[in-house]
Amino acid sequence: MHLATRGEPLRLERVGGHSERADSTPAGGLHGNLPLEAALGAEPKLLARLARDAALEGLDPERALYLDIETTGLSGGAGTYPFLVALAGFERDAAGAREVVVWQGFMAGPGDERSMLQAVADRVAAAGSIVTFFGKSFDRHRLEDKMRHHGVEPPFQDLPHLDLYHPLRRLYGEALPDGKLQTCERALLGFEREDDLSGAFAPAAWFDFQAGRPHLLEQVFLHNYLDVLSLCSLTGHLGAALGEVDCAMAPERLAFARSRGLARLAADRRERPEQVRWIDAALGRVDAAAEDTERCEGLRSELLLERADAQRLARELELAASAYAQLESGSGTVAALAALELGKLERRRGKRADRARMLLSVERAQAELPKSEPGRLRARLQRDLEGLREALARAAE
C-alpha cells in the first residue's frame with residue numbers, strides 16, 4: 001500500500017457522494033506468524049463456544065466482513081464522525097486465487113456521510129456477518145446511530161457478529177498487559193507495526209485535511225488497513241484455540257493462560273471431562289508460566305482444587321475426596337476450601353463430618369483471603385459459615 005508523506009494527495013476514487021478505495025493482498029500471505037486465510041479454517045461452532053454466542057454458529061468466515069472504523073472522537077452524537085470505514089473480505093481474483101480485498105470508505109467532508117454509510121450498509125447486508133475488535137461496544141453503535149440519523153437502514157440486527165475482544169480476553173486476559181488490538185497482534189501473531197500512527201491521532205489528521213493543512217490521513221488509512229488484516233489472522237488464531245496454536249511472545253505463559261481459560265469455559269458449560277482435560281494441560285505448563293516458586297505452588301494448588309471440584313461435580317467422588325484430602329494438608333485459602341468441600345463430601349457419602357473443624361477451616365479461609373480474590377468467593381465463604389454455625393447450634397440444642 002502506498003504511504004504518502006505529510007500533505008500529499010490521498011489516493012481515492014469518488015463514487016457517488018463519497019470517496020473510497022480498495023487494495024488487495026494474497027490470502028496466503030503471512031500477517032505475523034499466521035496467513036490471512038487461517039481465518040477460513042475457524043469452525044463457526046467453536047467460535048460460538050469461545051465467544052459464548054450461539055448466533056455465531058451461522059457465521060461463515062469466508063463470506064464475513066472484517067470491519068474497523070476511525071472516528072473523530074470516542075463519544076457518540078451528531079458531532080462525532082466515523083470518517084473512515086474499512087471492510088476486508090475474502091474474494092477470488094481473475095485467475096481464481098483467493099485474496100483479501102480491503103475496501104475503505106472515506107468522508108471527504110460531512111456532506112459525504114450519508115453516501116458512505118449507505119455503501120457500508122449495503123456491503124455488510126450482502127455479507128451477512130461481521131468480525132470486529134471491541135466492535136459490539138464501539139464500532140457497531142457509532143455506525144448504527146449515524147445510519148439512523150440519515151435514514152439508512154442499519155444492517156446489523158440479528159447479524160452474526162464475532163467481537164474478537166471478548167473471547168481473546170477470556171483466554172489470555174491473565175497473561176496480557178491489556179486488551180488492546182496491537183497487544184494481541186504482538187503477543188499472539190508476532191506482528192509488529194513499523195512507523196504506525198496511533199489511532200489517537202486520527203481525529204487531528206481528518207480535521208487538518210478539512211482545514212486544508214498538511215495532514216497524516218494516508219497514515220490513518222494504513223493504520224485502518226492493518227487493523228482489518230489483523231482481524232483476519234486473529235480469527236484464525238482463535239479458531240485454532242483447541243490445538244497447539246503458536247503464540248509469539250512468552251508462548252508457555254500464554255499457552256498456560258489459554259488452557260486455564262478453556263477449562264473455565266468448559267466449566268461454564270458443565271463439560272466436566274473437558275474441564276479436567278484443560279486443567280491438566282494448564283498443570284503441565286505451571287512451571288513455565290509462573291515467575292517464582294511461590295507463585296508456581298499457588299497456581300498449582302488453585303488448579304488442583306478446580307480439578308477436585310470438577311471431579312466432584314462429575315460424581316467421581318472417590319477421586320475428589322482423595323484430592324481434597326491432599327490439599328487440606330497444606331495451608332492458606334486453598335487448604336481451607338478443600339477442608340470445607342471434603343467435609344461436605346463426607347456428609348454426602350454418609351460419613352460423619354466434624355462441623356467444628358470445618359467451621360474453623362472456613363473462618364481461617366475468610367481471614368486469609370487476599371483482597372484481590374473475587375467477591376463471589378467471599379460470598380460463598382460467608383454462606384458456608386452461616387450454614388455451619390446454624391448446624392452447630394442445632395446440634396448443641
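The legends below accompany several close-up views of a predicted model.

**Figure 1. The whole chain, for orientation.** Before zooming in, here is the overall setting of this predicted model. The protein chain has 397 residues, of which 51% count as buried. Its secondary structure comprises 15 helices and nine strands. Among contacts between residues at least 6 apart in sequence, 66% join residues at least 24 apart. The accessible surface of the chain comes to about 18400 Å², and 49% of this area belongs to carbon and sulfur atoms.

**Figure 2. An open sheet of seven strands.** Follow the strands across the view in the order E1-E2-E7-E6-E5-E8-E9, and you will find that the pairing is mixed. At the edges lie strand E1 (13–15) and strand E9 (161–163), each of which pairs on one side only. On average, neighbouring strands of this sheet are turned by 30° against each other, direction ignored. Helix H3 (residues 139–149) packs on the sheet, where it touches strand E5 (65–70), strand E6 (84–92) and E9. The direction of H3 makes about 75° with that of E5.

**Figure 3. Strand E6 and its two partners.** Here we move in on E6, which is largely enclosed by the rest of the structure because seven of its nine residues are buried. On one border, E5 and E6 pair in the antiparallel sense over five bridges. Leu 67 can be found opposite Leu 87 of E6. E6 also pairs with E7, again in the antiparallel sense, through nine bridges. Look for Val 85, whose bridge partner in E7 is Gly 105. The hairpin of E6 and E7 has five residues between the strands, and Gly 96 takes a positive phi near 90° there.

**Figure 4. Strand E2 alongside strand E7.** This view follows E7 to another of its pairings. Strand E2 (residues 18–26) and strand E7 (residues 98–106) run antiparallel and are joined by eight bridges. A handy landmark is Ser 24, which has Val 101 of E7 as its bridge partner. As a general reminder, strands of a sheet pair through backbone hydrogen bonds, either parallel or antiparallel.

**Figure 5. Helix H2 and its buried residues.** The 15 residues of helix H2 (residues 113–127) should span 21 Å at 1.5 Å a residue, and the end C-alpha atoms are indeed 21 Å apart, so the two values agree. The buried residues of H2 are Glu 113, Met 116, Leu 117, Ala 119, Val 120, Ala 121, Val 124 and Ala 127. They pack against E2, E5, E6, E7, strand E8 (130–132) and H3. Just after the helix comes Gly 128, with a positive phi of about 90°.

**Figure 6. Helix H3, seen through its buried residues.** Charged names are easy to spot in this list: Asp 139, Arg 140, Arg 142, Leu 143, Glu 144, Lys 146 and Met 147 are the buried residues of H3. Their packing partners are E5, E6, H2 and E9. After H3 comes Gly 151, whose phi is positive, near 75°.

**Figure 7. Helix H1 under cover.** Helix H1 (residues 44–51) is mostly covered, with seven of its eight residues buried. To locate them, look for Pro 44, Leu 46, Leu 47, Ala 48, Arg 49, Leu 50 and Ala 51. The elements covering these buried residues include E9, helix H4 (165–172), helix H7 (217–239), helix H8 (251–268) and helix H9 (272–283). H1 is followed by Arg 52, which has a positive phi near 55°.

**Figure 8. The surroundings of Glu 185.** Glu 185 sits in helix H5 (residues 181–189). With a relative accessible area of 1%, Glu 185 falls under the 20% limit and therefore counts as buried. Leaving aside residues up to four places away in sequence, Glu 185 touches Gly 190, Phe 191, Arg 193, Leu 226 and Ser 230.

**Figure 9. Two buried cysteines.** The structure holds zero disulfides. Cys 232 counts as buried because its relative accessibility is 1%. Cys 296 is buried too, with a relative accessible area of 8%.

Methods:
Residues are numbered from 1 along each chain as its sequence is written. This is a predicted model: local features need pLDDT of at least 70, side-chain atom pairs count only at pLDDT 80 or more; totals for chains, interfaces and linings use all residues. Side-chain values use heavy atoms; hydrogens and water are left out. Helices (H or I, at least four residues) and strands (E, at least two) are DSSP runs, numbered from the N terminus. Buried means under 20% relative accessible area, exposed over 50%, partly exposed in between (1.4 Å probe, protein chains only). Contact means heavy atoms within 4.5 Å. Two strands pair if DSSP finds at least two bridges between them. Axes are lines fitted to C-alpha atoms, for helices over the stretch in contact, and angles run from 0 to 180 degrees between N-to-C directions. A disulfide is a pair of cysteine sulfur atoms within 2.5 Å. The expected span of a helix is 1.5 Å times one less than its number of residues. Accessible areas come from the Shrake-Rupley method with a 1.4 Å probe; for residues, only the protein chains shown count as cover.
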